[in-house]
Amino acid sequence: MNVTINAVNFEMAQALEDFIEKKMNRFARHLNAEDKVEIRMSVIKPQTNANKEVKIRIAGLFAEKVADTFEEGIDACLSALETQLERRKNN
């Protein structure tokens, strides 16, 4: 699994990188070794709540969420992608 992370409009902390790595290691059971994962995170309006946008593209599937924190956004995106992968498997 090849993971690419893009941080737009903010400096990504090491703790956030570690969180992403931990989540992707758990999510890897759904993926093949050659699958590419693209994660794009951005701050859309610095002065408001729910201003963290997360977009994840995996194996032709896509999820986009806006949340109060990047961690919440990543969790929500991975949950949506897990549902999409399960649907794809069952079809």
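In this predicted model, the largest nonpolar core holds 21 residues, and the members that touch the most others are Met 41, Ile 56 and Ile 58. Five elements each give two or more residues to this core, namely H1, S2, S3, strand S4 (61-67) and H2. H2 supplies the largest share, with 6 residues. As a general point, nonpolar side chains in soluble globular proteins tend to be buried together.

Met 41 gives a good idea of who meets whom here. Setting aside neighbours within four places in sequence, Met 41 is in contact with Ile 5, Asn 6, Ala 7, Val 8, Phe 10, Met 12, Leu 16 and Ile 20, and further along the chain with Glu 53, Val 54, Phe 70 and Ile 74. Next along the chain comes Ser 42, which sits in strand S2. Ser 42 is buried, its relative accessible area being 5%. Leaving out residues up to four places away, Ser 42 touches Val 8, Phe 10, Asn 51, Lys 52, Glu 53 and Phe 70. Phe 10 and Phe 70 thus turn up on the contact lists of both Met 41 and Ser 42.

Those two phenylalanines also touch on the question of ring pairing. How many aromatic pairs are there? The count comes to 1. The ring centres of Phe 10 and Phe 70 are 4.4 Å apart and the planes sit at 20 degrees, so the pair is classed as stacked, the limit for that label being under 30 degrees. Phe 10 belongs to the loop between S1 and H1, while Phe 70 is part of helix H2, so the pair ties together parts that are 60 residues apart in sequence. As for exposure, Phe 10 is partly exposed at 21% relative accessibility, whereas Phe 70 is buried at 8%.

On to the charges, where Lys 52 is the odd case. Lys 52 is placed in strand S3 (residues 52-58). This lysine is buried but has no salt bridge, and Asp 68, the nearest side chain of opposite charge, is 7.2 Å away. Since a salt bridge calls for a nitrogen and a carboxyl oxygen within 4 Å, that separation of 7.2 Å is no match for the cut-off. What Lys 52 does have is a polar contact of 2.8 Å between its side chain and that of Asn 51. Beyond the neighbours within four places in sequence, Lys 52 is in contact with Ser 42 and Val 43, and with a run made up of Lys 65, Val 66, Ala 67, Asp 68, Thr 69 and Phe 70.

Elsewhere, the whole structure yields 2 salt bridges. One of them pairs Asp 75 with Lys 23, with the closest N and O atoms 2.9 Å apart. Asp 75 lies in helix H2 (residues 70-90) and Lys 23 in helix H1 (residues 14-27), so this bridge ties together parts that are 52 residues apart in sequence. Asp 75 is partly exposed, at a relative accessible area of 33%. The side chains of Arg 29 and Glu 82 also meet in a salt bridge, at 3.3 Å from N to O. That pair links distant parts of the chain too, with Arg 29 in the loop between H1 and strand S2 (36-43) and Glu 82 in helix H2, 53 residues apart. Arg 29 counts as exposed at 63% relative accessibility, while Glu 82 is partly exposed at 28%.

Glu 64 is another acidic residue worth a look, this time in strand S4. Its relative accessibility is 39%, so Glu 64 counts as partly exposed. Apart from residues up to four places away in sequence, Glu 64 touches Glu 53, Val 54, Lys 55 and Cys 77. Glu 64 and Val 8 are 56 residues apart in sequence, and their C-alpha atoms are 15 Å apart in space.

Last, the backbone. Which residues other than glycine have a positive phi? Asn 9 is one of them, with phi at about 70 degrees, and Ala 50 is another, with phi near 50 degrees. Asn 9 is found in the loop between strand S1 (2-8) and H1, and Ala 50 in the loop between S2 and S3. Asn 9 counts as exposed at 63% relative accessibility, whereas Ala 50 is partly exposed at 34%.

Terms used:
Residues numbered from 1 in each chain as written. Predicted model: local features only at pLDDT ≥ 70, side-chain atom pairs only at ≥ 80, totals over all residues. Heavy atoms only, no water. Helix = DSSP H or I, 4+ residues; strand = E, 2+ residues; numbered from the N terminus. Buried < 20%, exposed > 50% of the residue type's maximum accessible area, 1.4 Å probe, protein only. Lys, Arg positive; Asp, Glu negative; His and termini not counted. Polar contact = N/O pair within 3.5 Å; in protein donor to acceptor, adjacent residues only side chain to side chain. Contact = heavy atoms within 4.5 Å. Core = buried A, V, L, I, M, F, W, Y, C linked by side-chain atoms within 4.5 Å. Phe/Tyr/Trp six-rings, centres within 6.5 Å; stacked < 30°, edge-to-face > 60°.
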